[in-house]
Every structure is written in structure tokens, then in C-alpha cells.
Amino acid sequence: MKIIGLDALVFGVDDIQACSDCLRDYGLKPSELSERGGRFEALDGTAIIIRRSDDSSLPPAMGPAPSLRETIYGVGSSLDLDAIADELGRDREVRRDADGVLHAFDDLGFAIAFQVTCRRPFEAEADLTNAPGSAPQRPLNKPGITLDMPAVPRTLSHVVYFVPDAAKGEAFYRDRLGFVTTDTFVGVGPFMRTNGMDDHHCLFMIQTPPHMKGCEHFTFHMGSGTEVLLAGRRFEQKGWTSFWGPGRHLFGSNWFWYFNSPLGCHIEYDADMDKHDDEWAARVAPMSADNSQLFLFSSKEKWAPGGPPPKQG
């Protein structure tokens, strides 16, 4: 079975308008909008889907709304769907809906689904770098950044779960679905990628008490660290509150900037994640500030002489 990666995350929410505003301001393109919810897509078609929390089509909630209700993975073909159905059907209910999407639950109680991937080809400009000692990537007279440069989500990157038993979760995704562990925080949980992708991870599990089970955050890949900073600053200027970042992680090497959101979890921008194959030897390290963030920025509102005094407090 070839699982490519995340296609969509489905949330049950009470405030459709607030969640729609957040996802639109974050940079996703809305479609299928109604009073029942909507779909918000990145450039490649991967998406966040919101529905009213009392929508009967949603899997059961693991806690109060708003919350993650289902994680949808994209696969390469209908044959992969058949292989997953055969594997998971050995010991749990597996259901196909009218669109051919396969629905089940993992060993921790998270609703998971599989579909022939919705990802579509797209073109977006690369962030070219000029570095002394290497051939210039950006040609003469081409600015590296402009005030109006685009910075929009390109593809759904990863989701992070709070789980009561990270070892049990890791065993399920490894043994039943072929996921690969790339790194692990001791006593916390594993970073895992699917067998059909080379990103450092699309799933990270964090060991927590049972009452905390749910989604900690999700993120979309941006085109570069510059785009993370630019998109995050624009998001912040629209009134959304920064939670952590901007900075750069050690495991995965990805740039990050996390924000609070009305979806019941944090929402992140990321970029420039490491790529791995089966030759990679997974690292194991304790969870610490040094191991979770290589560096962390903080902004300074006033840095030049003159102008209004800095805010106090």
C-alpha cells in the first residue's frame, strides 16, 4: 500500500464564521462554503474541512467542540485502498462512503480515512538564495523580496496528536500502515512519515494524560523560511495571536511559526523540512528547548531612533 501523505483534516466547530475567517486569513482558498461549513485548500488541493460540530456525517468527537474529527490520507490508487481495507478489516470495522473514501479508527480512537489523493500539480516560484562561496541562484537585478510577494500555503504538511499511549500509536501506524519513525523524543513520542513520502514527518504524537487526547496543531508547507516570516507577519497583522515562533526546529529542520486559532488547536506555518529515505537512522533525544528549537526569534517593534516610544509592560 502506498500512502502519499495527508490530504485533509476535518474539524467539528461551533463558530463557522470565526474558523472561516481564520483559515482564509491564514492563506487557504475557500470553496463549498455554506452555513454547514466549507473546504479550505492549499495550492495542491490538500485542505482543512470544517463542519458544524453536530453534523451527523462526522465521526464521534473525542472531546468538546471545536475539535479534530477525522484525518484523511491520500493514497496512490484504488488498489492501495483495497490493500488498506483488507489490512484494517482484519480486526475493526472499515466503511466505504458513496465517494469511495475508506473510513476507520486507529488503535487510539482517532478517526482516519483514506482516498485516492486529491493532490494536483501546481507551479510556484522558489525562494532563490545568493550565498558567497556558491553559485548565485538569483539573477542580477532581481530583488529577493518585495512588499507584495506571495506567501501562501502550498501543501498540508503534518498533524500533531495528543495521545494517551504514544508507543501503542507508533506500533499501529508502523505495523498496520507501513509508517516509518524518523526521530523520537524520549518519553514524548515519535515523528513518523508514510511509506510513500520523504518528508521528515506527517504525524507526530505527544504522550499526554487521557483527558487531553486530540489535536495539538497542524501545519502547511510554505515555500521558504522567508515565506513563513512574511505569511506569519501578515496573519498577525490581521489580528491572530502568535503562540510560538518564529524559529527553526532541530528535528526536521523546518522553520515554524505557531498561532492560536478558533479550531481547538494551534495552526502553524512551516517550510524547508528535511527529506529522508530508508537509509536514515532515526535519532532519539530528550525533549528540551534546545532539541525542539534550534533558534527562536522575537520581534522588536521599535528599532530605529525617532518615532513613538516602545510600548511598556
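**Exercise 1. Find the side chain with which the side chain of His-201 makes a polar contact, then describe the surroundings of His-201.**

*Solution.* Start with the side chains in this predicted model. The side chain of His-201 makes a polar contact with that of His-200, at 2.8 Å. Next, place the residue along the chain: His-201 sits in the loop between β11 (189-193) and β12 (203-207). Now check its accessibility. The relative accessibility of His-201 is 3%, and buried means under 20%, so His-201 counts as buried. Finally, look beyond the neighbours within four places in sequence: His-201 is in contact with Ser-157, His-158, Phe-191, Met-192, Arg-193, Asn-254 and Met-273.

**Exercise 2. Work out whether the end C-alpha atoms of helix α4 (residues 225-237) are as far apart as its 13 residues suggest.**

*Solution.* Begin with the rule: the expected span is 1.5 Å times one less than the number of residues. For the 13 residues of α4 this gives 18 Å, and the end C-alpha atoms are 18 Å apart, so the two agree.

Then see which side of the helix is covered. Gly-225, Glu-227, Val-228, Leu-230, Ala-231, Gly-232 and Phe-235 are buried in α4. A general point helps here: an α-helix has 3.6 residues a turn, so residues three or four places apart point the same way. The buried residues of α4 pack against α1, β15 (255-259) and β16.

Last, visit the two ends. At the N-terminal end, Ser-224 caps α4, with a side-chain oxygen 3.3 Å from the backbone nitrogen of Thr-226. Just after α4, Gly-239 has a positive phi of about 105 degrees.

**Exercise 3. Classify the aromatic pair of Tyr-26 and Tyr-269 as stacked or edge-to-face, and say which parts of the chain are linked.**

*Solution.* The structure holds 23 aromatic pairs. In the pair of Tyr-26 and Tyr-269, the ring centres are 4.3 Å apart and the planes differ by 15 degrees. Planes under 30 degrees apart count as stacked, so this pair is stacked. The pair links distant parts of the chain: Tyr-26 belongs to helix α1 (residues 16-26) and Tyr-269 to strand β16 (residues 266-271), 243 residues apart. Tyr-26 is buried, at 1% relative accessibility, and Tyr-269 is buried too, at 0%.

For a second try, take Phe-110 and Tyr-161: their ring centres are 3.9 Å apart and their planes are at 5 degrees, so this pair is stacked. Both Phe-110 and Tyr-161 are buried.

To finish, widen the view: Tyr-26 and Tyr-269 belong to one aromatic cluster, whose members include Phe-235 and Trp-240.

Terms used:
Residues are numbered from 1 along each chain as its sequence is written. This is a predicted model: local features need pLDDT of at least 70, side-chain atom pairs count only at pLDDT 80 or more; totals for chains, interfaces and linings use all residues. Side-chain values use heavy atoms; hydrogens and water are left out. Rings of Phe, Tyr and Trp (its six-membered ring) pair if their centres lie within 6.5 Å; planes under 30 degrees apart count as stacked, over 60 as edge-to-face and the rest as tilted. Helices (H or I, at least four residues) and strands (E, at least two) are DSSP runs, numbered from the N terminus. Buried means under 20% relative accessible area, exposed over 50%, partly exposed in between (1.4 Å probe, protein chains only). Contact means heavy atoms within 4.5 Å. A polar contact is a pair of N or O atoms within 3.5 Å; within protein, one must be able to donate a hydrogen and the other to accept it, and residues adjacent in sequence count only if both atoms are side-chain atoms.
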